[in-house]
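Colleague: I am new to this structure and would like to know what stands behind the terms used for it. Please show it first.

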Amino acid sequence: MSKQIFLDLQGIVHPSNVRMNEPLHQYTFTKTGGKADFFVMPKNYQEVQAIYIYALNNHLPLTIVGNGSNMIIKDGGIRGIVMTLIDIASMELDGNKLTVQSGAAIIQASRFALQNSLTGLEFACGIPGSVGGALYMNAGAYGGEVSDVLQEALVITRSGELQTLKKDELDLGYRSSRFSKEKLLVLEATFLLRKGEYEEIKSKMDDFTFQRESKQPLEFPSCGSVFKRPPGHFAGKLIQDSGLQGKQIGGAQVSTKHAGFIVNVDSATATDYLELIQYVQDTVKRKFDVELETEVKIIGED
Ligand SMILES: Cc1cc2nc3c(=O)[nH]c(=O)nc-3n(C[C@H](O)[C@H](O)[C@H](O)COP(=O)(O)OP(=O)(O)OC[C@H]3O[C@@H](n4cnc5c(N)ncnc54)[C@H](O)[C@@H]3O)c2cc1C
């Protein structure tokens, strides 16, 4: 059965772009995670759609990995097909409209906007995700977020059709979207930007980069802020006030630089991460009666 799936997938994408039992830690920012049964790297939308329909028709689970900067893949790996769109990453500018394929890094889109003196994507200059992941998460920083500039998205619907959805149809909220609720696959995004002054845009981006580098433990692997901001609180402050900075389980540690981050300081496993997340949640609940909900997506098998 496995061999047949492997051969079928090799009939859809170039054979060298299909792998079996592919270790996934190399695709995640935490450097943790088990293996994918099947791993595919399509090169165009037709291949993405064909894989989507193949998975649907064969009742195989399909998981999308973007840049892997907001996910913890469990040590048991992922059953079924894992697809990455990182090879589908071109950008096109039409006046003030920037259309970007979902595998492109949102940082690249932000830089491209700067090169063209377009304002609106400065907030994204240090978010290490793909455009697809940024839409799925409605990523944001320093007062801006995807929903501020997104005009529309090309998606694959649950039945496997290509459809363009306007921003109003995407239900973009705090780190949530219709993509996450309905498991829509993002193929491309069109951002509506405004003409600006190159120097002003650059200085804003330099300032955000400075703030990020001075506050975040970028020298270690991590998945960024592990928890969502609970209403009326800041997750990092609650964790700090619980005395958890430096708390370590296995190779995973609550960052001493930014309490909202859990860093991989010593060959951490996903299990180390998950145990430490639980420990932080339990401690904060006990001390402050606040439930911390994870922002990071936890996927795969134990
Ligand atoms: C150092 C660091 C700093 C960070 N700073 C920020 C920040 O300031 N603001 C912020 O919002 N986030 C931040 N993050 C988190 C992360 O970069 C964002 O959430 C980003 O948008 C995730 O994109 P990704 O491509 O890495 O997604 P992944 O981690 O690969 O995936 C996240 C989710 O999106 C889904 N997904 C990915 N691509 C697609 C697609 N094409 N179609 C459908 N679903 C898809 C995945 O299945 C998964 O459920 C930070 C992370 C790190 C490591």
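Colleague: Which helix gives the most to the shell around the ligand?

Modeller: α4, with five residues. Helices (H or I, at least four residues) and strands (E, at least two) are DSSP runs, numbered from the N terminus. This is a predicted model, where local features need pLDDT of at least 70 and side-chain atom pairs count only at pLDDT 80 or more, while totals for chains, interfaces and linings use all residues. Residues are numbered from 1 along each chain as its sequence is written.

Colleague: What makes the shell around the ligand 17 nonpolar, 14 polar and one charged?

Modeller: Ala, Val, Leu, Ile, Met, Phe, Trp, Tyr, Cys and Pro count as nonpolar, Asp, Glu, Lys and Arg as charged, and the others, Gly among them, as polar. Sorted in this way, the residues of the shell divide into 17 nonpolar, 14 polar and one charged.

Colleague: How do you know that Ala-124 is in contact with Ile-106?

Modeller: Two residues are in contact if their C-beta atoms, placed from the backbone, lie within 7 Å. Leaving aside neighbours within four places in sequence, Ala-124 is in contact with Ile-106, Ile-107, Ala-109, Ser-110, Ala-134 and Ala-139.

Colleague: Where do the bounds of domain 1, domain 2 and domain 3 lie?

Modeller: Domain 1 covers 2–84, domain 2 covers 91–215 and domain 3 covers 235–295. These bounds come from an automatic or database domain assignment. The centres of domain 1 and domain 3, taken over C-alpha atoms, are separated by 30 Å.

Colleague: How many residues of domain 1 are in contact with domain 3?

Modeller: Eight, and they touch seven residues of domain 3. The residues on this side of domain 1 divide into two nonpolar, three polar and three charged.
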